[in-house]
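Please open the model in your viewer and get ready to select a few residues at a time. We will go from stop to stop, and at each one you will hear what to pick and what is there.

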Amino acid sequence: MPEVGPSIFLSRVSLQKLQILKTMADGSMELTELHRKSTNWAKTVDEIVKLEKKIFPKHESLARSFDDELKKKNSGLLYLQFNSEIAGYVMYTSPSSLCAVITKLAVKEKYRRQGHGEALMKAAIEKCRSKRINRISLHVDPLRSSAVSLYKKLGFQIDTLVTAYYSSDRDAYRMFIDFDNE
Ligand SMILES: CC(C)(COP(=O)(O)OP(=O)(O)OC[C@H]1O[C@@H](n2cnc3c(N)ncnc32)[C@H](O)[C@@H]1OP(=O)(O)O)[C@@H](O)C(=O)NCCC(=O)NCCS
């Protein structure tokens, strides 16, 4: 089983705290988990869909299906808020009790390079690990070098290159990280 790199120090944010949703990612950003019953569900999804459209090209965007994706069993969304502005989000799903998939990660341009992408990923990993899954995987366009660097920094390894994953001319790395739950 591949070893988890030493850099994967996951902040031991208690899950209860994550669920209460008032964990601060840093001094000013608030990390929140979106719940189906949240009164701000529609407003939050709306704002994230707008970001999604800005950040990702159509064929890579979940904008049209975001709401449906989120309603799927075992999917979750964590987002960072700064003065009620959404600065970034990460979406994940656990298709089985053994594995989870990070389906989306993005940070608004003006908030990049301040550690927020890493904070979101660590929080999502922590959530997934609480379900005692063995593997987290994701797909990323090799040209998204910032994202690839972030995933490698967190201990993800490249499994394979999936050709034409996003579109006929856009490939994806499938990356993974394994955990020993013994
Ligand atoms: C990828 C993304 C989420 C990173 O968010 P971020 O908040 O800027 O990242 P962080 O500040 O937390 O950086 C953490 C690590 O990511 C990597 N990284 C982030 N931006 C980078 C850049 N411009 N160049 C190289 N590495 C970068 C580095 O390893 C960095 O660690 P370091 O600061 O020790 O060098 C952000 O660039 C983004 O939203 N990009 C567009 C959407 C996207 O590509 N999403 C991923 C789809 S799979």
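Select D159, which sits in strand β7. Helices and strands are DSSP runs numbered from the N terminus, with at least four residues of H or I for a helix and at least two of E for a strand. Is D159 buried, exposed or in between? D159 is partly exposed, because 15 other C-beta atoms lie within 10 Å. For that word, the cut-offs are these: a residue is buried with 20 or more other C-beta atoms within 10 Å of its own, exposed with 12 or fewer, and partly exposed in between, with C-beta atoms placed from the backbone.

Before going on, a word about what is on your screen. This is a predicted model, in which local features need pLDDT of at least 70 and side-chain atom pairs count only at pLDDT 80 or more, while totals for chains, interfaces and linings use all residues. Residue numbers start from 1 along each chain as its sequence is written.

Now add the partners of D159. Leaving out neighbours within four places in sequence, D159 is in contact with R174, M175 and F176; a contact means that the two C-beta atoms, placed from the backbone, lie within 7 Å. Pick Y173 as well: its C-alpha is 7.2 Å from that of D159, although the two are 14 residues apart in sequence.

**The strands around β8**

Colour β7 (residues 157-167) and β8 next. They pair in the antiparallel sense over six bridges, where pairing requires that DSSP finds at least two bridges between two strands. The two strands form a hairpin with two residues between them. Look for S167, which stands opposite R170 in β8.

Then add β6 (residues 135-140). It pairs with β8 (residues 170-178), again in the antiparallel sense and over six bridges. To find one bridge, select I136 and its partner in β8, I177.

**Helix α4**

Move on to α4 (116-130). The 15 residues of α4 should span 21 Å at 1.5 Å a residue, and its end C-alpha atoms are 21 Å apart, so the two agree. The expected span is 1.5 Å times one less than the number of residues. How many of the 15 residues of α4 are buried? Eleven are, so this helix is largely enclosed by the rest of the structure. Among them are H116, G117, L120, A124 and C128. Just after α4 comes R132, with a positive phi near 60°.

**The largest nonpolar core**

Keep α4 selected and show the largest nonpolar core, which has 38 residues; L78, Y89, V90, Y92, I102, L120 and A124 touch the most other members. α4 gives the most to this core, with seven residues. A nonpolar core is a set of buried Ala, Val, Leu, Ile, Met, Phe, Trp, Tyr and Cys residues joined through C-beta atoms within 7 Å. In soluble globular proteins, nonpolar side chains tend to be buried together.

Click on Y92. Not counting residues up to four places away in sequence, Y92 touches residues including S75, G76, I102, A124 and C128.

**The ligand**

Now select the ligand. Which residues are closest to it? They are R112, G117, E118, S146 and L150, out of 19 that surround the ligand; a residue belongs to this shell if its C-beta atom, placed from the backbone, lies within 6 Å. The largest share of the shell, six residues, comes from α5. By class, the shell has seven nonpolar, seven polar and five charged residues. Here Ala, Val, Leu, Ile, Met, Phe, Trp, Tyr, Cys and Pro count as nonpolar, Asp, Glu, Lys and Arg as charged, and the others, Gly among them, as polar.

**Two loop residues**

Most residues other than glycine have a negative phi. Select R113, in the loop between β5 and α4: its phi is positive, near 60°. R113 counts as exposed because it has 9 C-beta neighbours inside 10 Å. Next, pick N74, in the loop between α3 (66-71) and β3 (75-82). N74 also has a positive phi, of about 65°, and is partly exposed, with 13 C-beta neighbours inside 10 Å.

**Zoom out**

Finally, show the whole chain: it has five helices and eight strands. Of its 182 residues, 27% are buried.
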